Amino acid sequence: AGPVGMTLSLLLSKYGVKTLLMDKKTQMRQHPQAHYLSQRTMEVWRSLGHLDFAIEQHMPPMKHWRSFVYGTSLSDPVIAARDHLK
């Protein structure tokens, strides 16, 4: 399940509704599917027992993901980069 399914399951469990969280994939993904989590998402996760902190502990350093990088291939020089957090 992605962030929406996980959050829904946690919220329902918080209110006593039994849930079963499933995913169509049989193995863990090697790369994250979400590129950005909103402030509101982190607020909800924080209310569910500091899940926000656990996620922040496993994310790569900000310098590795804060910019959109443009190029013709992964091995060629960068044509341009834009910091999307400014």
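**Close-up views of a predicted model**

**View 1. D83 and R66 form a salt bridge, with their closest N and O atoms 2.8 Å apart.** The two partners come from distant parts of the chain: D83 sits in strand β2, R66 in the loop between α3 and β1 (67–70), and 17 residues separate them. A salt bridge here is a side-chain nitrogen of Lys or Arg within 4 Å of a carboxyl oxygen of Asp or Glu. Helices (H or I, at least four residues) and strands (E, at least two) are DSSP runs, numbered from the N terminus. This is a predicted model, with residues numbered from 1 along each chain as its sequence is written. Local features need pLDDT of at least 70 and side-chain atom pairs count only at pLDDT 80 or more, while totals for chains, interfaces and linings use all residues; side-chain values use heavy atoms, leaving out hydrogens and water.

**View 2. A closer look at D83 and what surrounds it.** Is D83 buried or exposed? It counts as buried because its relative accessibility is 18%, and R66 is partly exposed at 22%. For these labels, buried means under 20% relative accessible area, exposed means over 50%, and partly exposed is in between (1.4 Å probe, protein chains only). The D83 side chain also makes a polar contact with the R66 side chain, at 2.8 Å. That term covers a pair of N or O atoms within 3.5 Å; within protein, one must be able to donate a hydrogen and the other to accept it, and residues adjacent in sequence count only if both atoms are side-chain atoms. Setting aside residues up to four places away in sequence, D83 touches R66 and S67, where contact means heavy atoms within 4.5 Å.

**View 3. In helix α2, E43 and R40 pair up in a salt bridge.** How many salt bridges does a search of the whole structure find? It finds 2, and this one has an N to O distance of 3.2 Å. E43 and R40 are 3 residues apart, about one turn of the helix. R40 is exposed, with a relative accessible area of 54%, whereas E43 is partly exposed at 31%. Side chains of opposite charge can pair when their charged atoms come close.

**View 4. T7 in helix α1 meets residues V44 and W45.** Those two contacts leave aside neighbours of T7 within four places in sequence. T7 has a relative accessible area of 14%, so it is buried. For another long-range pair, look at S47 and L11: 36 residues apart in sequence, they are 9.6 Å apart in space, C-alpha to C-alpha. S47 lies in helix α2 and counts as partly exposed at 42% relative accessibility.

**View 5. L8, L12 and V17 make a nonpolar surface patch of about 240 Å².** Patches are made of residues with over 30% relative accessible area and no salt bridge; like charges are joined within 9 Å, and nonpolar side chains (Val, Leu, Ile, Met, Phe, Trp, Tyr) within 5 Å. Accessible areas come from the Shrake-Rupley method with a 1.4 Å probe, and for residues only the protein chains shown count as cover. V17 lies in the loop between α1 (3–14) and α2 (39–47), and at 40% relative accessibility it counts as partly exposed.

**View 6. Confidence across the protein: the mean pLDDT is 83.** This score is the predictor's confidence in each residue, from 0 to 100. Of the residues in the protein, 93% reach 70 or more. Among its elements, strand β2 (residues 80–83) has the highest mean pLDDT (90) and helix α3 (residues 51–58) the lowest (78).
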